[in-house]
Every structure is written in structure tokens, then in C-alpha cells.
Amino acid sequence: MFSALLSFLSANVLLFILHIDGSSSFPKPLSAKEERAVLERLQDGDPAARATLIERNLRLVSHIVKKYYSRTNDTEDLVSIGTIGLIKAIDSFDPSKGTRLATYASRCIENEILMYFRAQRKTSGEVHLGDAIETVSYTHLRAHETRHDL
């Protein structure tokens with residue numbers, strides 16, 4: 001739980017840095033050769049390599065959100081959620097499998113967004129204690145009216 005919160009915060013810090021930087025677009029993705037070098041540094045335990053991979057793949061998150069979820073109004077939330085998927089992908093990626101990080105990460109990003117939608121749908125019909133509850137049923141109302149009519 002704590003690691004997910006930490007990942008979420010670090011992803012939002014990266015987005016904040018991009019806005020402060022003044023550039024309105026994400027950095028260019030890494031070439032295959034650059035990606036291999038950064039992944040090797042990541043396997044050696046370099047935390048800057050992880051940050052580089054996250055930063056250079058934010059464009060992928062944005063692309064997936066725009067391509068599949070452009071009709072929703074909460075694109076900023078979806079980018080944040082997709083970034084969590086990207087971070088999970090980077091943390092669990094195995095370069096020895098022979099696939100590129102972007103291929104693996106795109107599925108993780110989509111899955112994270114789909115999990116968010118499932119959670120939203122599951123909780124959409126729930127009533128919370130803070131919500132206003134209308135407890136007067138139709139039959140109760142009709143019984144009350146007939147008593148006053150007598």
C-alpha cells in the first residue's frame with residue numbers, strides 16, 4: 001500500500017516538473033539502444049535510471065489515454081492512474097524476455113486504467129453514511145396519506 005502511494009506521488013512529481021520546465025510536451029522516448037543501457041543501469045540499482053524510464057515513457061501513457069479514453073472528462077486522473085501502471089511495469093519488467101519496455105508497459109497501463117473503471121462501476125451504486133438517504137418509501141407515503149384521508 002505504501003509503495004503504491006509512493007509511486008503515485010513520484011509520478012505526480014514528474015508531471016509537475018514537466019509543467020515547471022515550461023515544455024508543453026513530454027520528452028522523446030528512448031531509442032532501443034538507450035533503453036537497453038538505462039535498463040542495465042536499473043538492474044544495477046541506479047534510482048536515476050528508474051526516473052529516466054518513467055519520464056521518457058510518459059508520452060506512452062498520454063497516448064493510451066487519448067486513444068482509448070478520449071470521451072471521458074477525467075483525462076488528468078487517467079494519466080495519473082496510467083502513470084501508476086507505467087511505474088508498476090518498470091518495476092516488474094524483465095528485459096531477458098525479449099520484448100521492449102513500451103510493449104510490456106502499454107498492457108500494464110491499460111490494465112491499471114481498466115481496474116480504475118471497474119472500481120468506479122462497483123462503487124457507483126453504493127450508499128455511504130455521508131450521503132443523504134431518502135428513506136420514505138412509496139408504500140409508507142401511501143399509508144400515511146390514507147390515514148389522513150379518514
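Helices (H or I, at least four residues) and strands (E, at least two) are DSSP runs, numbered from the N terminus. The model is predicted: local features need pLDDT of at least 70 and side-chain atom pairs count only at pLDDT 80 or more, while totals for chains, interfaces and linings use all residues. Residues are numbered from 1 along each chain as its sequence is written, and side-chain values use heavy atoms, with hydrogens and water left out.

**Exercise 1. Describe the overall architecture of the protein chain.**

Step 1. The protein chain holds 7 helices and 0 strands, in the sequential pattern α-α-α-α-α-α-α.

Step 2. Of its 150 residues, 29% are buried, where buried means under 20% relative accessible area, exposed over 50%, and partly exposed in between (1.4 Å probe, protein chains only).

Step 3. Contact means heavy atoms within 4.5 Å. Among contacts between residues at least 6 apart in sequence, 67% join residues at least 24 apart.

Step 4. The protein chain exposes about 10800 Å², of which carbon and sulfur atoms supply 57%; the area comes from the Shrake-Rupley method with a 1.4 Å probe.

**Exercise 2. Determine how the buried and exposed residues of α2 are arranged.**

Step 1. With 12 residues, α2 reaches 16 Å from its first C-alpha to its last, close to the 16 Å expected at 1.5 Å a residue. The expected span is 1.5 Å times one less than the number of residues.

Step 2. E35, V38 and L39 are buried in α2. Seen down the helix axis, the buried residues of α2 fall within an arc of 105°, so they line one face; the arc is that of the directions from the helix axis to the C-beta atoms.

Step 3. On the face of α2 turned away from the buried side are the exposed residues K33, R36 and E40.

Step 4. The cover over the buried residues of α2 includes α3 and α6.

**Exercise 3. Characterise the loop that follows α2 and the pairing of D46.**

Step 1. After α2 comes G45, which has a positive phi, near 95°.

Step 2. D46 lies in the loop between α2 (32–43) and α3 (47–56).

Step 3. The side chains of D46 and R41 meet in a salt bridge (3.0 Å, N to O). The term denotes a side-chain nitrogen of Lys or Arg within 4 Å of a carboxyl oxygen of Asp or Glu.

Step 4. D46 counts as partly exposed because its relative accessibility is 26%. R41, at 35%, also counts as partly exposed.

**Exercise 4. Which salt bridges link D91 with R50 and K88 with E112, and what is the setting of each pair?**

Step 1. By the rule above, the count comes to 5 salt bridges.

Step 2. In the salt bridge between D91 and R50, the closest N and O atoms are 2.9 Å apart. This pair links distant parts of the chain, with D91 in helix α5 (residues 75–92) and R50 in helix α3, 41 residues apart. D91 is partly exposed, with a relative accessible area of 48%, and R50 is partly exposed at 24%.

Step 3. K88 and E112 join their side chains in a salt bridge (3.1 Å, N to O). Here too the pair links distant parts of the chain: K88 belongs to helix α5 and E112 to helix α6, 24 residues apart.

Step 4. K88 is partly exposed, with a relative accessible area of 42%, whereas E112 counts as buried because its relative accessibility is 13%.

Step 5. E112 lies in helix α6 (residues 101–123). Leaving aside neighbours within four places in sequence, E112 is in contact with I81, I84, G85 and K88.
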